[in-house]
Amino acid sequence: MLSTLIYRSRAVTPMTAQDLTDLLTPARARNAAMQVTGILLFDGVHFVQLLEGPDEAVNLIFDAIQRDDAHRNVVLLMRDHGPARRFGGDAMALLDLRELGPQQVSSRILAKMKQPPRWAGSDDRVVKILGWYADARGTDPIVEGEEAANWQLVAIDAPLAQEDPAAPARPYPFALQPIVNPLRREITSFEFLIRSQAGGSPEQLFASLDPADRYRVDLESKASAFELARRLGLTDVKLSVNLLPMSLIEDPSAVDRLVDQVAACALLPQHVIVEITEQEAIERPRAFRDAIERLRRAGIGVAIDDFGAGYAGLSLLAEFQPDKLKIDRQLIQNVHQDGPRQAIVSGIARACCAMGITPVAEGVERVEEWCWLQAAGIERFQGYLFAKPALNGVPAVRWPERIRPR
Ligand SMILES: Cc1cc2nc3c(=O)[nH]c(=O)nc-3n(C[C@H](O)[C@H](O)[C@H](O)COP(=O)(O)O)c2cc1C
């Protein structure tokens, strides 16, 4: 099957026309032997390259290209299949954008397409992507993270609040995971993640319950979370608890009960954030809106959890703007090398900015992901990179420390 792949990257050192020729001469020979064709655009800083050919050959060459330390920030922009090649005549055409005026780029790309395929008209994604990156030079819309090698993560000794091991078992154990602003070395909140008595996940716990008990347990368990916060002395940091939207909707006194639970632990409603996943919220929009209004009137903050994982995120966001938007881990994973994820996440970050919402990236595991997200304007993070959840206690946090100048 015929694969088409486009990526972009940044040259590590400035490259002359001769450097490009030296790079491409052996590359063209290998491409020809493996039936790979394509085009390489270079603007003096960034490469954008299209490779097309048999699946296996394209994958092999792209693997080698990713390992090449002549460039960095290799980001996959497109991987697709098609019935025919676009740049069939050339083992690797070169377009040195430095030699062209901005108006000439698109027509030169089209001219390099030896036989513009009939199925690939002006709506062709390949032509659009190549044109977009080529035309964007100078205005630099590309978000690039700092090099991960500039940073190391360090655990800084801090007194860790831990539940007294002799304390009696609680009906609802919780694991705490911090949400951090790493550059400020600040824990902005703790998410309280419910666990089963056997240490199982919230999904396992709720699946084990009679459906009729789900919402009652959901609400009732929050008292244990606030009680744990009080015992751990977490009185001057925000506390995030997850709540099924239906728990708020089914019981008209739910918000009053939450407020009572918070007050009983000598905490302030302003310190509490209720995290809600979008799924159930949209099934009963009016009742959901009323419940949110009650939370807001009580001074409790609201976050949308796992944003982007469900099916109605954007329309929910159009109807209701939370204080915080937690971007789902599926969008965060490997964002540093994934063009579509970068386009989506930077769009979300920009939209949040315009609406006064704080975006939070969930599930951050790699320094590279953090570097890119930070460059995209996100400042709050949750994930194993910084801290793993700790049962009934506050986990150690690892903070990034610069070890090489930018
Ligand atoms: C921007 C750029 C584009 C490249 N394009 C190709 C290419 O089209 N085909 C190819 O075989 N090598 C290409 N290379 C070179 C490969 O990265 C790599 O050096 C070469 O495949 C040998 O890899 P190996 O030593 O890991 O086998 C390119 C390198 C760079 C920096």
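**Entry 1. Ligand site**

I began with R67 and found one of its polar side-chain atoms 3.1 Å from an oxygen atom of the ligand. I then looked up what the protein does to the ligand surface: of the 610 Å² of accessible area that the ligand has on its own, the protein covers 77%. I noted which elements give two or more residues to the shell around the ligand, and these are α1 (17–33), β3 (46–54) and α2 (55–67).

I record that the model I am reading is a predicted one.

I next listed the surroundings of the ligand. There are 15 residues around the ligand, and R30, N31, Q49, R67 and D68 come nearest. For Q49, I found a polar side-chain atom 3.1 Å from a ligand oxygen atom. For N31, the partner is a nitrogen atom of the ligand, and an N or O atom in the side chain of N31 lies 2.8 Å from that nitrogen.

**Entry 2. The protein as a whole**

I then took the overall values. I counted 14 helices and 16 strands in the protein. The C-alpha trace spans about 75 × 45 × 35 Å along its principal axes. The protein has 406 residues, and 50% of them count as buried.

I looked up the accessible surface, which comes to about 19,400 Å² for the protein; carbon and sulfur atoms hold 51% of that surface. For contacts with a separation of 6 or more, I noted that 74% are accounted for by residues 24 or more positions apart. As to charge, I found 46 positive and 54 negative side chains, with the centres of the two sets 3 Å apart.

**Entry 3. H71**

Is H71 buried or exposed? I located H71 in strand β4, which covers residues 71–81. The relative accessible area of H71 is 9%, so H71 counts as buried. I looked for a polar partner of the side chain and found the backbone oxygen of I65, 2.8 Å from a polar atom of the H71 side chain. I65 also appears among the contacts of H71, together with Y7, S9, R10, A11, V12 and F47, once neighbours within four places in sequence are left aside.

**Entry 4. Helix α14**

How many residues of α14 are buried? I found that helix α14, residues 367–375, is mostly covered, with 7 of its 9 residues buried. I wrote down the buried residues of α14 as V367, E369, W370, C371, W372, L373 and Q374.

I then asked what covers these buried residues of α14. The cover includes the helices α12 (329–332) and α13 (339–355). It also includes the strands β6 (151–155), β13 (358–361), β14 (380–381) and β16 (398–402). After α14 comes G377, and I noted that the phi of G377 is positive, near 100 degrees.

**Entry 5. A303**

I closed with A303, which I found in strand β11, residues 301–307. With a relative accessible area of 1%, A303 is buried, because buried means under 20%. Which residues does A303 touch, not counting those up to four places away in sequence? I listed I273, V274, E275 and I276, and in addition P322 and K324. I also looked up the separation of A303 and I348: these residues are 45 apart along the chain, and their C-alpha atoms are separated by 14 Å.

Definitions and conventions:
Residues numbered from 1 in each chain as written. Predicted model: local features only at pLDDT ≥ 70, side-chain atom pairs only at ≥ 80, totals over all residues. Heavy atoms only, no water. Helix = DSSP H or I, 4+ residues; strand = E, 2+ residues; numbered from the N terminus. Buried < 20%, exposed > 50% of the residue type's maximum accessible area, 1.4 Å probe, protein only. Contact = heavy atoms within 4.5 Å. Areas by Shrake-Rupley, 256 points an atom, 1.4 Å probe, with all protein chains shown as cover. Lys, Arg positive; Asp, Glu negative; His and termini not counted. Charge placed at Lys NZ, Arg CZ, Asp CG, Glu CD. Near = heavy atom within 4 Å. Polar contact = N/O pair within 3.5 Å; in protein donor to acceptor, adjacent residues only side chain to side chain.
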